[in-house]
Amino acid sequence: LVLAHQGWCVLHAAAVALPAGGAAFLGAADLGKSTMTATFAAAGVTAITDDTLILTAPPGGDVIGHPAYPSIRVWPDTAEALAGPAYRHQGRVSDFNDKVRVGRSARFAFVTSGAPLRAMYILTPEVDAKAPTIEPVPPRDRILEVVRHGFVLDWKGTDRLRAAFEEVSRVVDRVTVRRLRFRHDYAGLPAVRAAILEDMQSTAA
């Protein structure tokens with residue numbers, strides 16, 4: 001929040017470093033951001049960050065996603081399903097819920113510096129989804145979709161709101177923004193990973 005107040009672009013998002021570039025996952029609480037990151041990390045993909053994604057967009061350069069902390073915060077059943085029953089966690093997130101921090105002790109890898117970001121996926125779970133689908137977000141909606149997931153201390157401040165829109169505009173001009181529709185269960189995660197990898201490869205081609 002302090003970084004956002006100082007003018008940084010900080011999103012309530014998670015991200016991983018795929019072969020075709022960084023992919024970020026945006027969504028409200030409990031829609032699967034951390035689960036997406038954890039399923040990729042369990043499959044050997046390096047994680048960029050969980051929950052808090054710091055972005056920089058230097059003029060003429062790549063959008064860079066910066067890590068916040070080297071762990072992923074998930075429910076114990078998610079950790080066991082993805083990292084195996086013998087996983088070791090790094091402690092509970094807080095005294096107010098049972099979420100645990102899972103990181104290198106579960107053999108998850110994390111970047112140590114910023115990584116180029118290529119795509120953002122707006123997570124949209126659907127109970128009746130038979131297979132994951134990915135569709136582009138219309139240009140007129142991209143900024144709003146991303147801004148609504150930003151950390152901003154005072155949305156009522158006109159200058160702060162304008163600065164947030166300008167910073168997000170610079171970001172979405174350089175990365176793809178897509179909607180990911182999927183069934184929110186563990187059994188479907190391999191298909192979701194495959195769909196994202198295929199989409200990222202087609203975007204990079």
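This tour goes through the predicted model one selection at a time.

**Whole chain.** Start with everything shown as a cartoon. The chain holds 6 helices and 10 strands. Of its 205 residues, 44% are buried. Now turn on the contacts: among those with a separation of 6 or more, 69% join residues 24 or more positions apart. With the surface displayed, the accessible area is about 10200 Å², and carbon and sulfur atoms hold 53% of that.

**The largest nonpolar core.** Select Leu-11, Leu-26, Leu-55, Met-120, Val-146 and Val-171. These residues have the most contacts inside the largest nonpolar core, a set of 24 residues. Next colour the elements that give two or more residues to this core: the strands β1 (9-18), β2 (21-26), β4 and β8 (115-125), together with the helices α4 (139-147) and α5 (158-172). In soluble globular proteins, nonpolar side chains tend to be buried together.

Stay with Val-171 and show what surrounds it. Beyond the neighbours within four places in sequence, Val-171 touches Cys-9, Leu-55, Ala-57, Val-63 and Met-120.

**The second core.** Select Ala-20, Phe-25, Leu-123 and Leu-180. They are among the 16 residues of a second core, separate from the largest one.

**Helix α3.** Select residues 76-83, which form α3, and pick out Thr-78, Ala-79 and Leu-82, which are buried. Look down the helix axis. These residues lie on the same side of α3, because the arc they cover is only 100°. An α-helix has 3.6 residues a turn, so residues three or four places apart point the same way. To see what covers the buried residues of α3, add α2 (33-42), β6 (72-74), β7 and α6 (189-204), which are included in that cover. Then step to Gly-84, just after the helix, where phi is positive at about 100°.

**Two glycines in loops.** Go to Gly-60, in the loop that runs between β4 (52-56) and β5 (64-66). Is Gly-60 buried or exposed? Its relative accessible area is 85%, so Gly-60 counts as exposed. Draw a C-alpha to C-alpha distance from Gly-60 to Arg-174: the two are 9.6 Å apart in space and 114 residues apart in sequence.

Finish at Gly-114, in the loop between β7 (100-102) and β8. Gly-114 is partly exposed, with a relative accessible area of 33%. Leaving out neighbours within four places in sequence, the contacts of Gly-114 are Ile-64, Gly-65, His-66 and Pro-67. A distance drawn from Gly-114 to Thr-49 reads 9.9 Å between C-alpha atoms, with these positions 65 residues apart along the chain.

Technical notes
Residues are numbered from 1 along each chain as its sequence is written. This is a predicted model: local features need pLDDT of at least 70, side-chain atom pairs count only at pLDDT 80 or more; totals for chains, interfaces and linings use all residues. Side-chain values use heavy atoms; hydrogens and water are left out. Helices (H or I, at least four residues) and strands (E, at least two) are DSSP runs, numbered from the N terminus. Buried means under 20% relative accessible area, exposed over 50%, partly exposed in between (1.4 Å probe, protein chains only). Contact means heavy atoms within 4.5 Å. Accessible areas come from the Shrake-Rupley method with a 1.4 Å probe; for residues, only the protein chains shown count as cover. A nonpolar core is a set of buried Ala, Val, Leu, Ile, Met, Phe, Trp, Tyr and Cys residues joined through side-chain atoms within 4.5 Å. The arc is that of the directions from the helix axis to the C-beta atoms.
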